[in-house]
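Thanks for asking me to look this one over. Please have the structure open beside you as you read.

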Amino acid sequence: MDHEPAACESESLAASLRTYLSQTGFAFTGMTAKEATPAITRAVAGWAQASGWKCRWEEHMRYIDPPRAVGGGCRIYWWPSRSAYLDLQLLREDGPPIAVEIDREDIGTAVDKLRDEALRGRPALWIRWHGAARAELPAGVARLRLPTRATRSPIRYTLKGVDDTAAITCGEPVSPEAREDALVRDRQRIAEEQRTAALQRSYPPVIRC
């Protein structure tokens with residue numbers, strides 16, 4: 001079955017979610033950040049269930065590009081990590097799975113995860129609540145911003161409701177060339193990881209005294 005370009009489908013799905021949150025009267029008052037994010041996540045899962053989709057929480061995903069060594073003082077670490085977890089993955093019978101990230105700030109790995117999922121041809125939704133949304137959106141990713149308000153210390157967040165004024169922004173469509181290039185790099189990364197794993201199995205374990 002043919003589907004819309006990833007950016008267009010992501011945008012239409014963000015609009016569908018916004019309508020669901022409005023019609024169900026989703027709101028909260030006086031929540032901490034640790035309470036608000038799970039509440040929003042449950043609401044998105046409710047939208048998935050109402051749409052007839054299965055919902056997976058903290059679903060494992062792989063970055064397309066292999067990690068690279070980065071020097072950090074006396075240590076060398078790998079960035080990005082080989083894998084990560086999506087807040088939600090929504091499984092549909094009539095289309096590719098939908099990747100969802102839910103965040104209070106732009107800081108983090110949400111953009112990287114959603115970018116790679118969009119390059120794989122999967123709709124990608126970023127639910128941003130509170131604060132200014134400044135991060136540039138990758139191709140294929142749609143962002144729904146929920147209009148929350150906060151009190152001073154102790155900080156508590158309130159969402160009075162969601163309506164058509166909740167902003168939706170979207171990156172450019174993923175080009176066929178970008179998707180094909182990403183899929184080639186994805187296959188190369190998988191092959192390299194398999195080769196490395198095979199080499200590790202061929203060496204005897206190191207016994208330390």
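Below are my numbered points on this chain.

1. **What we are looking at.** Please keep in mind that this is a predicted model. The chain has 209 residues, 38% of which count as buried. Its secondary structure amounts to four helices and eleven strands. Among contacts with a separation of 6 or more, 64% link residues 24 or more positions apart. The chain exposes about 12400 Å², and 52% of that area comes from carbon and sulfur atoms.

2. **The six-stranded sheet.** One open sheet holds six strands in the order β2-β5-β6-β7-β8-β11, with mixed pairing. At its edges stand β2 (54–62) and β11, each with a single partner strand, so one side of each has no neighbour in the sheet. From one strand to the next, the twist averages 30°.

3. **Strand β8 and its two partners.** Strand β8 covers residues 141–146, and five of these six are buried, so the rest of the structure largely encloses it. How does β8 run relative to strand β7 (residues 124–129), parallel or antiparallel? The two are parallel and are joined by six bridges. Within this pairing, R128 has R145 in β8 as its bridge partner. With strand β11 (residues 168–170), β8 runs antiparallel, and three bridges join them. There, A142 is bridged to C170 in β11.

4. **The three-stranded sheet.** A second set of three strands makes an open sheet in the order β1-β10-β9, and the pairing is antiparallel. Its edge strands are β1 (28–31) and β9 (149–150), each pairing on one side only. Between β1 and strand β10 (residues 157–159) there are two bridges, in the antiparallel sense. Opposite F28 stands L159 in β10.

5. **Helix α2, in contact with both sheets.** On the three-stranded sheet, α2 packs against β1 and β10, and its direction makes about 150° with that of β1. On the six-stranded sheet, α2 touches β2, β5 (83–91), β6 (98–103), β7 and β8, at about 145° to the direction of β7. The buried residues of α2 are A36, A39, I40, T41, A43, V44, A45, G46, W47 and A48.

6. **A length check on α2.** How far should the 18 residues of α2 (residues 33–50) span at 1.5 Å a residue? The expected value is 26 Å, and the end C-alpha atoms are 26 Å apart, which agrees. After α2 comes G52, with a positive phi near 85°.

7. **Helix α3.** Helix α3 (residues 110–119) also meets the six-stranded sheet, lying across β2, β5, β6, β7 and β8. Relative to β6, α3 runs at about 170°.

8. **L13 as a contact point.** L13 sits in helix α1 (residues 6–23). Is L13 buried or exposed? Its relative accessibility is 8%, and the cut-off for buried is under 20%, so L13 counts as buried. Leaving aside residues up to four places away in sequence, L13 touches W47, W53, R92, I98, P123 and L125. One of these, P123, is 110 residues from L13 in sequence, yet the C-alpha atoms of the two are 8.2 Å apart in space. Another of the contacts, W47, is among the buried residues of α2.

9. **Cysteines.** How many disulfides does a search of the whole structure find? The count is zero. C8 is in no disulfide, and the nearest cysteine sulfur, that of C170, lies 7.2 Å away. A disulfide would need the two sulfur atoms within 2.5 Å, so the 7.2 Å between the sulfurs of C8 and C170 does not qualify. C8 is partly exposed, at a relative accessible area of 36%. C55 is also partly exposed, with a relative accessible area of 26%.

Notes:
Residues are numbered from 1 along each chain as its sequence is written. This is a predicted model: local features need pLDDT of at least 70, side-chain atom pairs count only at pLDDT 80 or more; totals for chains, interfaces and linings use all residues. Side-chain values use heavy atoms; hydrogens and water are left out. The expected span of a helix is 1.5 Å times one less than its number of residues. Buried means under 20% relative accessible area, exposed over 50%, partly exposed in between (1.4 Å probe, protein chains only). Two strands pair if DSSP finds at least two bridges between them. Contact means heavy atoms within 4.5 Å. Axes are lines fitted to C-alpha atoms, for helices over the stretch in contact, and angles run from 0 to 180 degrees between N-to-C directions. Accessible areas come from the Shrake-Rupley method with a 1.4 Å probe; for residues, only the protein chains shown count as cover.
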